[in-house]
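Hi everyone, thanks for making time today. I'd like to walk you through a few spots in a structure you may not have seen before, so please have a look at it with me.

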Amino acid sequence: MKKITAFSYLYQYYVLPEEYSSGEAFLTAAAHRPTLTLVHLRETDCVAPYFIEENTESVRLKLARPQRIHLMEVYLLSAEEYRARLAEITASRCPGCYYHDHPDAEGSHGSRAKEMTLDGLCLLRTEEEKPYSLIDAADAFWSDLLDGEDAVRKPLFDGNLTEAADALSVLYGRHFACASHTLFAVNRSVGQRYLMFGALSPEARVINRYVITRAPKEVTEYWMLFDQLPRGLSRYIPVPGYDLNQNPPTVDFVPLEGSSDRWHLKVYAPPAAGGVQAPREVYRWLCAYLGEDLLFTRAAELNIEVTADYAEHRPIADFIRALRRAEGFFFQHRIAKAFSHPMELILPPADRGSRTTAERISTVVPALSVELTGRMFSGYLARVIDEWRIPVCTLTLDLAEPSRREAQLALVCGELIRDLQRDGLIALLDIAQAEDKLYLNFFSAAGGETVEALRDLAPEFEGMNPTLTLRTHKETAMMRLNFTLEPIRRVGVEREVVYES
């Protein structure tokens, strides 16, 4: 085994050409002459930073993104030596693992050479039954739906919408522990079928959104998928004695600081009698009149107040006019398939004065934000981790001085996290910045594969001191995000989890 100098570029590895005296000289040359002949270190039956000499190949490559070149030390071995070292490690590390002892382990899990590093690190090892993962559950759900779609289509076309929704709910319950937090609605109009995932809790909304993004083409060609009610898809039907069409709510709204298209929205509604829950009825009316998707994307804050003085405030038509001015025809022409692509992450200006508290940049579900201390998190997250067996991760990065910070944020939020979302490996919760640190909180959608992918991104976080906090139902583990995932701290769940009241 010999150590050599190499570099990573867009998730691939290459030998540093010998004619360059140093990595700095190579970077300078690459900036002026980006197309080079290089030796590609292929990850074929091996795991970086260990590579098999016989698997290398000469390639002609244009290094069009020099900022994505990261120098590193790697190890080169013959195929025979690699196999011998791996056999020695797996003989001691693999017994007791579900995938090792299960009769179909090799066929269902892949090659040990693609999972175990020569450092003895295997992120997929488990002594339990095959662990639950969101990505497997989502793909299995859609596969089962395609196989048994008649159970939904027939009652839909017969007009038995409740029966169709119940069939979906039963199917969903086979794969998701959060099924009791999801209600389905099914409907159709001329030439189009609608499938609505209604979330009864904020964490279920994140999971429903993730499931929608995994829908195959065969599903989306037939169904329009939503996890929020667009305007026109639901109809407001007044309850007896409380008709908001006759006495519509009024509003006050002010723009969110630094934003031209998000508002603090306060809604005023008339009092109700006879046990009617006025806030609930107001929300139903808003979903029909504005659309739940618009409320979630354009209302940074929504407050509903029941008051006899409701008529003294502004008509809701004023808010609609503000939306039209800010977003053109956004409010009339919405993307039909909700959240069909990874979320765009828009960062605010870096200079926020003297504020030292954590400032949330982009939040999918505010109630799910992980505390920046990494120690306290809400009962919502405890439910996800303990009951639904979905790990929650926090990736912490040190940002450089202000002159380089913008480039770092663009790389992490504009490319790296988007790649993980595109591959279905994470379900993003939020991104927060506190002074010179960036925090990314997400569900681990693919279990060990998610951590594996983050480990492979280690070179991309060069100079950012990346640390990963992984919370499971057993423990909280903090580790440095590098090829060996150097442990920092492990805390048993009984001492780590603090439930909020």
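Let's begin at Arg193, which stands opposite Trp223 of strand S9. Keep in mind as we go that this is a predicted model. The strands to look at here are S8, residues 192–199, and S9, which pair in the parallel sense over 4 bridges.

Now zoom out a little. S8 and S9 belong to an open sheet of 3 strands, in the order S7-S8-S9, and the pairing in that sheet is mixed. Which strands stand at the edges? They are S7, residues 182–189, and S9, residues 223–226; each has a single partner strand, so one side of each is left without a neighbour in the sheet. On average, and ignoring direction, neighbouring strands here are turned by 20° against each other.

Two helices lie across these strands. Helix H6, residues 150–157, lies across S7, S8 and S9, and runs at about 55° to S7. Helix H7, residues 161–173, lies across S7 and S8, at about 135° to S7.

Next, a pair of helices. When two helices pack, we describe them by the angle between their axes and the distance between the axes. For H5, residues 134–147, and H8, residues 202–213, the angle is about 60° and the axes are 9 Å apart. An angle of about 60° falls outside the roughly parallel and roughly perpendicular ranges, and H5 and H8 are therefore oblique to each other. Their crossing is right-handed. And who makes the contact? From H5 we have Leu134, Ile135, Ala138, Phe141 and Trp142, and from H8 we have Ile207, Tyr210, Val211 and Ile212. Sorted by type, the residues of this contact are 9 nonpolar, no polar and no charged.

Let me finish with some backbone details in the loops. In the loop between strand S3 (35–41) and strand S4 (50–52) you'll find Pro49. The peptide bond leading from Ala48 to Pro49 is cis, with omega near 10°. That loop between S3 and S4 also holds Asp45. Asp45 is a residue other than glycine with a positive phi, near 60°.

Leu485 has a positive phi too, near 45°. You'll see Leu485 in the loop between strand S19 (475–480) and strand S20 (487–492). So, buried or partly exposed, for these two? Asp45 is partly exposed, with a relative accessible area of 36%, while Leu485 counts as buried, at 7% relative accessibility.

Thanks for listening, and I'm happy to go back to any of these spots with you.

Key:
Residues are numbered from 1 along each chain as its sequence is written. This is a predicted model: local features need pLDDT of at least 70, side-chain atom pairs count only at pLDDT 80 or more; totals for chains, interfaces and linings use all residues. Side-chain values use heavy atoms; hydrogens and water are left out. Axes are lines fitted to C-alpha atoms, for helices over the stretch in contact, and angles run from 0 to 180 degrees between N-to-C directions. Angles under 35 degrees count as roughly parallel, over 145 as roughly antiparallel, 65 to 115 as roughly perpendicular and the rest as oblique. A crossing is left-handed if the near helix is turned anticlockwise from the far one by less than a right angle, and right-handed if clockwise. Contact means heavy atoms within 4.5 Å. Ala, Val, Leu, Ile, Met, Phe, Trp, Tyr, Cys and Pro count as nonpolar, Asp, Glu, Lys and Arg as charged, and the others, Gly among them, as polar. Buried means under 20% relative accessible area, exposed over 50%, partly exposed in between (1.4 Å probe, protein chains only). Two strands pair if DSSP finds at least two bridges between them.
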